[in-house]
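Biologist: I should like to learn how the features of a structure are read. May we go through one together, feature by feature?

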There are 2 protein chains.
Amino acid sequence: MNEIIEIAKTAKKASVKIARLTTDEKNKILLNMAERLDSSRDRILNANLIDVRNARDKGVKESMIDRLSLDDIKIDLMIESVRQLAELKDYVGEIIGEKRLDNSLEIIEKRIGFGVIGVIYESRPNVTVDVCAICLKSSSVAILKGGSDAINSNRVLVAIMQDACCVENAFNLIDTTDRDAVNKMIQLRDYIDLIIPRGGYGLINFVRDNSKVSVIETGTGNCHTYVDCDADCDKAIKIIINAKTQRTGVCNALEKVIVHKDVADRLLERLSDELVVKGVEIRGCERTKEIIDCKDACEDDWAKEYLDLIVAIKIVNSPDDAIEHINRYGTKHSEAIISDNCKNIERFIDEVDAAAVYSNASTRFTDGYEFGLGAEIGISTQKMHARGPMGLKAMTTTKYVIRGNGQVRE
Amino acid sequence: MNEIIEIAKTAKKASVKIARLTTDEKNKILLNMAERLDSSRDRILNANLIDVRNARDKGVKESMIDRLSLDDIKIDLMIESVRQLAELKDYVGEIIGEKRLDNSLEIIEKRIGFGVIGVIYESRPNVTVDVCAICLKSSSVAILKGGSDAINSNRVLVAIMQDACCVENAFNLIDTTDRDAVNKMIQLRDYIDLIIPRGGYGLINFVRDNSKVSVIETGTGNCHTYVDCDADCDKAIKIIINAKTQRTGVCNALEKVIVHKDVADRLLERLSDELVVKGVEIRGCERTKEIIDCKDACEDDWAKEYLDLIVAIKIVNSPDDAIEHINRYGTKHSEAIISDNCKNIERFIDEVDAAAVYSNASTRFTDGYEFGLGAEIGISTQKMHARGPMGLKAMTTTKYVIRGNGQVRE
């Protein structure tokens, strides 16, 4: 415990210094980070090679190895991401409200950094760089608890980020094999202002249910696409294939197809053929199985985020039934309707409870870059504070500053 | 448990209907509420009389009886508060971001209601009216868990609010003697979108540490006023007396005075005399006791919110020591510096971690009305989502709506 408390205390002290940096100073540090990443490619790739080799030795599955592995192209993307952050608007210091009372008291509401942000994540080393860069630009100190598989990569990356920064302890890696580290970290509300868990359902639930620090839940995506009775089937198939297969291990990938009964006969055979060509395993409800040949979808399937080449299909009687199913089993991430019926589209958009609700497009667009926010620190699936991709603005809080000359309340 | 789950399920269903109300419809309901409150004064006062009588019989202390008691003036204020909400801007539906991608995908970010908001509070019946009216105007359904002392008043008030509203189950009172009701309520994340505890430190900590629903902490206020070396003592005394004694049972009342050593001799005797005249008990640190006659302040005092005619005084060596003490023991509510030194003021404002930071004014101004937000649902002391007084804007969340015509991600 002591080690993690000490890191958090040190981080809290550093947060005062980070808060004093000007926008120019922060942008210079970001450009310095980008340069150092560029000139440290060998060091990064060598460390990453050790992680990849260890993971292979441990029998980690190939989709995870893919997320863990770095190459020059991935490093280029990291560098580009950091450079873009230097170009983006700095929200810290922005005045978002002003009022002068009759007694001449001046009240302003301004954006400030959170202080210390703890991010708990899994194996992708590019997250390490994004977290450091976003926290810096939004005037917070970062405490990073990455996956143990990426420990060598993360050590090198955090060291490079820290070397580029004039404030000591701006980026703090929890470099421990202590399995209880996450649980210890989320108790430290005196030193950590915000915790963001990025990862699987189990991690996120554990952190949310046990944290004494404020939490923003991110990234679990049991995403649905509902094909309405008035849908264009060509469009539906193109969108579903894209949302399901363009990348499978990401939170905005499609997991469930909900089909209106009146379109099922026209849609399902063709859709099934195309899914099978792409190697997707289909699990269907009873009614789906009457139309196409597929495995059984059981109750567990409806709530599950596969993150794999698997899809479950359910036939419903009405848009309302689709909305009800999605609100029951969805994770409030990204949900879509395919329809040419305006009334059904608007009802779906209004009544489906999710961060991003689509009509006639692939859910794969839910992403900080696509939404114009730049690098994101995660995709919030909660309603409080921030919803959907979280960029620099979401990483600020506010403070009221009230200046007087002796005013008292009557 | 079943009863509370049933209330929450019913509330969730009602939230879909509340979300469909237009601004005009909501404002008409608010005016209808105000009228019905006005025409139901006898009914309200009779019910309140029972609560007050029961509380007296139980030996509840007079300051609590004062918070519980209603009279015509307090009912006037309730009515005025509801009418004002009808005049205030409706944030629901506001478009706060728009973007068109190169592929013609249209992304908008808009404000929406939370859905179902649970408010757990203590004995003040005016909170019941404010919660119903604020939730309605911000397009959410309310679940209210008030203090058992106010149960008769709350039953009547919620019935009046509900009668004024065309949507059934818009306002739901948890009318139970089940002592575990709060604990049951905070587990229901499938039906409740946000929990706001208003009350003492114990309640707020319990809810924050045990809730599976998102929580906004409110209202614990261990508020400090720091008198700097360069302070005008007349101003300091006037502000301290106001912040400590104008009302003592409120969260923005002063609890601690921190005094720079160089001003202690000039300030403390006069301050002490004026506090004693107002009936305030003084507890001092060792150095304070060398200057004035007062009780001992022990370690516990520094963290305590007295909500009473008690103040603790501590002498420090520097503004930095004052900031450190406040950041250690404060509850991030309202903190003030009294100084004519700009550098010290700016440092205090920047480095004290609180929702509202004042220079040369009484902390008593931290309040939704004073800050121009209208009725407030509480004063947030956390950094996430909303900070300080929470009005209608804080009671909204957002949703991304993305409209396409077949777009897929490349």
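Modeller: Let us begin with a pair of strands: four bridges join strand β12 (residues 334–338) of chain A to β13(A), and the pairing is parallel. Within that pair, A:E335 has A:V357 of β13(A) as its bridge partner.

Biologist: Before we continue, on what conventions do such statements rest?

Modeller: This is a predicted model, in which local features need pLDDT of at least 70 and side-chain atom pairs count only at pLDDT 80 or more, while totals for chains, interfaces and linings use all residues. Residues are numbered from 1 along each chain as its sequence is written, and chains are lettered from A and ligands numbered from 1 in the order in which they are written.

Biologist: How are strands and helices named, and when do two strands pair?

Modeller: Helices (H or I, at least four residues) and strands (E, at least two) are DSSP runs, numbered from the N terminus. Two strands pair if DSSP finds at least two bridges between them.

Biologist: What is the order of the strands in the open sheet that holds β12(A) and β13(A)?

Modeller: The order of this ten-stranded open sheet is β10(A)-β9(A)-β11(A)-β8(A)-β7(A)-β12(A)-β13(A)-β16(B)-β2(B)-β1(B), with mixed pairing. At its edges are β10 (295–296) of chain A and β1 (95–100) of chain B, each of which pairs on one side only. The step from one chain to the other is made by β13(A) (residues 356–361) and β16(B), which run parallel and are joined by five bridges. There, A:Y358 has B:I402 as its bridge partner.

Biologist: What is the order of the other open sheet of ten strands?

Modeller: That order is β1(A)-β2(A)-β16(A)-β13(B)-β12(B)-β7(B)-β8(B)-β11(B)-β9(B)-β10(B), and its pairing is also mixed. Because β1 (95–100) of chain A and β10 (295–296) of chain B stand at the edges with a single partner strand each, one side of each has no neighbour in the sheet.

Biologist: Which pairings can be followed along this sheet?

Modeller: Eight bridges join β2 (residues 106–113) of chain A to β16 (residues 396–407) of chain A in the antiparallel sense, with A:E106 opposite A:R403. The strand β16(A) then pairs with β13(B) in the parallel sense over five bridges, and A:Y400 stands opposite B:A356. Further along, β9 (residues 281–284) and β11 (residues 310–316) of chain B form a parallel pair with four bridges, in which B:E281 is partnered by B:I310.

Biologist: How should the contact between the chains be read?

Modeller: Two residues are in contact if their C-beta atoms, placed from the backbone, lie within 7 Å. Here the contact takes 54 residues from chain B and 54 residues from chain A. On the side of chain B that touches chain A, β16(B) gives the most, with eleven residues. The residues of that side comprise 21 nonpolar, 17 polar and 16 charged; Ala, Val, Leu, Ile, Met, Phe, Trp, Tyr, Cys and Pro count as nonpolar, Asp, Glu, Lys and Arg as charged, and the others, Gly among them, as polar.

Biologist: How does one read the sides of a helix?

Modeller: One begins with burial: a residue is buried if 20 or more other C-beta atoms lie within 10 Å of its own, exposed if 12 or fewer, and partly exposed in between, with C-beta atoms placed from the backbone. In α5(B), the buried residues are B:I75, B:M78, B:S81, B:V82 and B:L85. They lie on the same side of α5(B), because they cover an arc of only 115° around the axis; the arc is that of the directions from the helix axis to the C-beta atoms. They pack against α2 (23–39), α3 (41–57) and α6 (125–137) of chain B. The face turned away from the buried side carries the exposed residues B:D72, B:I73, B:E80 and B:E87.

Biologist: Which residues of helix α14 (residues 319–329) of chain A are buried?

Modeller: They are A:P319, A:A322, A:I323 and A:I326. Their arc of only 95° around the axis puts them on the same side of α14(A). Among the elements that cover them are β12 and α15 (342–351) of chain A.

Biologist: Is A:S139, in its loop, buried or exposed?

Modeller: A:S139 counts as buried because it has 25 C-beta neighbours inside 10 Å. Its loop lies between α6 (125–137) and β4 (141–145) of chain A. Although A:S139 is not a glycine, its phi is positive, near 60°.
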